[in-house]
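Biologist: Please show me the model. I want to know how each label on it is earned.

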Amino acid sequence: MFNTLCVIGVGLIGGSVARTARVQNLAARIVGFGRDQDLANLQLAKQLGVIDEFYLDIAAAVAHADCVVIATPVATTAAVLGLLKPHWSAETVYTDVGSTKGSVLAAAEAVFGYVPDNLVPAHPIAGGEQSGVSAAVEGLFAHKRLIITPVAGTDAGALAKVQAFWQGLGSVVSLMDAQHHDSVLAATSHLPHVLAFALVDMLGHKDEQSEIFKYAAGGFKDFTRIASSDPTMWAAICTANKQEILPLIEQLRTELAKIHALLAADDYAQLFATFAYAQTARERFLEQFERPV
Ligand SMILES: NC(=O)c1ccc[n+]([C@@H]2O[C@H](COP(=O)([O-])OP(=O)(O)OC[C@H]3O[C@@H](n4cnc5c(N)ncnc54)[C@H](O)[C@@H]3O)[C@@H](O)[C@H]2O)c1
Ligand SMILES: O=C(O)C(=O)C[C@]1(C(=O)O)C=C[C@@H](O)C=C1
C-alpha cells in the first residue's frame, strides 16, 4: 500500500486508477494534479470522492507522494516529466498509462538525458470513448491486460512495486519491449481508430449526411463508437506512433483494393473466401484471447 498516490491528469483513466485504488486499499491518500484549465474537472473529482485533494502546483502535489501515475495525453509526457524533474525522488515510483510507449521513453530521454530507473512505463488495455473524471469507473482494469515496458536500467524494486500496483487494480500484467508494444498496438488499437475516424469523416462530408446517419443502425454504431473518442488524445497517439501506423494504412489500402477488384469482377467465390477467413479468424481470436485469465 502506498501512503500518497498522486495522479497527474484525473480523467477517464487517471480517475479510474484513483477510484479503483481507493476501493482496493492501494493508497492511504489520493491526490490529483492538473493545470489551471483542469480546475473544474479536478473540483468534480474531489466532489465525487475520486481524490482527497487536488493541486495546481506540482511541488505541493508530489510533496508526500510515494507513487505518481502520469495519466495525461501522450503529447504532454515531456512537459509533465519536465515539471516533475526538480521534485524527482528516489523514494517514489513513477508510472504512466500512455497508449504509446516509445514516446514515453523518448520524452524521458529528452528531459533527463536517460530513463530514470524508477520510471516504469505501463499501458492498460482498457478504456472507452469518453473523457474526463465523470467517465471514470471503479474496476475498469479488472481482468484486462496491462503492458509494462521496462528498459535495461529499470530498477527491479520499482518494477515489482508498479507491477503489484497494477495487479492490485485488477490488471493482467505482461512485460514487453516498448518497440514491440507500439507495433502490436498500432494494429489492434491505433489502426481501428484511424479507420473509424476516417469512415465518419468521409460520410460526414457527404451531402446526404443527415439521411445517412438517420438510417444508421447497430452495425454502424458498433463500428464507429470509437470515432467519438477525444481527437486531442488520438491525434497525439497517431503522431507518436506514425512509424508503425503508416505501413498498416498501406496494407489496408491493398486489402480494400483487393475487395474493390473482387466486387468489380463479380468474383463471388473469392469475396466469400475473404469474408469467411475474417469471420473464422475473429472467432478464433475471441475464443483464445477474450478472457486473459
Ligand atoms: N481512453 C482510453 O481508452 C485509454 C486507454 C488506455 C490508455 N489511455 C491513455 O491514457 C491517457 C489519458 O487518457 P484519458 O482517456 O484518461 O483522457 P482524459 O482526457 O479523460 O484525461 C486526461 C486528463 O489529463 C488532463 N491533462 C491534459 N494535459 C495535462 C497536462 N499537461 N498536465 C496535467 N493534466 C493534463 C486533462 O485535463 C484530463 O483531465 C492518455 O495518454 C491515453 O493515451 C487512454
Ligand atoms: O474501448 C475503447 O473505446 C478504446 O478505445 C480503448 C482502447 C482500445 O483501443 O482498445 C483505446 C486506447 C488504449 O490505449 C487502450 C484501449
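Modeller: This is a predicted model. Start with ligand 1. Its shell holds 29 residues, and the closest are Gly 9, Gly 11, Ile 13, Ser 99 and Gly 127. Three elements give two or more residues each: α1 (12-23), α4 (77-84) and α10 (231-240).

Biologist: What makes a residue part of the shell around ligand 1?

Modeller: The cut-off is a C-beta atom, placed from the backbone, within 6 Å of the ligand. For ligand 1, 29 residues meet it. The largest share, 3 residues, comes from α1.

Biologist: How do the residues of that shell around ligand 1 divide by class?

Modeller: Into 13 nonpolar, 13 polar and 3 charged. Gly counts as polar here, so Gly 9, Gly 11 and Gly 127 fall in the polar group.

Biologist: Why do you say that ligand 1 lies between domain 1 and domain 2?

Modeller: Both domain 1 (2-177) and domain 2 (181-289) give residues to its shell, so ligand 1 lies between them.

Biologist: And which residues are around ligand 2?

Modeller: Ser 99, Ile 125, Gly 127, Gly 128, Glu 129, Ser 189, Ile 226 and Ser 229. By class, they are 2 nonpolar, 5 polar and 1 charged. Domain 1 and domain 2 both contribute, so ligand 2 also lies between them.

Biologist: How many residues of domain 1 are in contact with domain 2?

Modeller: 15 residues of domain 1 touch 15 residues of domain 2. On the domain 1 side, 5 are nonpolar, 7 polar and 3 charged. The C-alpha centres of the two domains lie 30 Å apart.

Biologist: Now strand β1. Why is β1 called mostly covered?

Modeller: A residue is buried if 20 or more other C-beta atoms lie within 10 Å of its own. In β1 (residues 2-8), 5 of the 7 residues are buried, so the strand is mostly covered.

Biologist: How do you know that β1 and β2 pair?

Modeller: Pairing needs at least two bridges. β1 and β2 (residues 27-33) have 6, in the parallel sense, so they pair. Ile 8 stands opposite Phe 33 in β2.

Biologist: What joins β1 to β4?

Modeller: 4 bridges join β1 to β4 (residues 67-70), and the strands run parallel. At least two are needed, so this is a pair as well. Here Cys 6 stands opposite Val 68.

Biologist: What makes the unit of β1, α1 and β2 right-handed?

Modeller: View the strands pointing away from you. The path from β1 over α1 to β2 runs clockwise, so this β-α-β unit is right-handed.

Key
Residues are numbered from 1 along each chain as its sequence is written. Chains are lettered from A and ligands numbered from 1 in the order in which they are written. This is a predicted model: local features need pLDDT of at least 70, side-chain atom pairs count only at pLDDT 80 or more; totals for chains, interfaces and linings use all residues. Domain bounds come from an automatic or database domain assignment. A residue is buried if 20 or more other C-beta atoms lie within 10 Å of its own, exposed if 12 or fewer, and partly exposed in between; C-beta atoms are placed from the backbone. Two residues are in contact if their C-beta atoms, placed from the backbone, lie within 7 Å.
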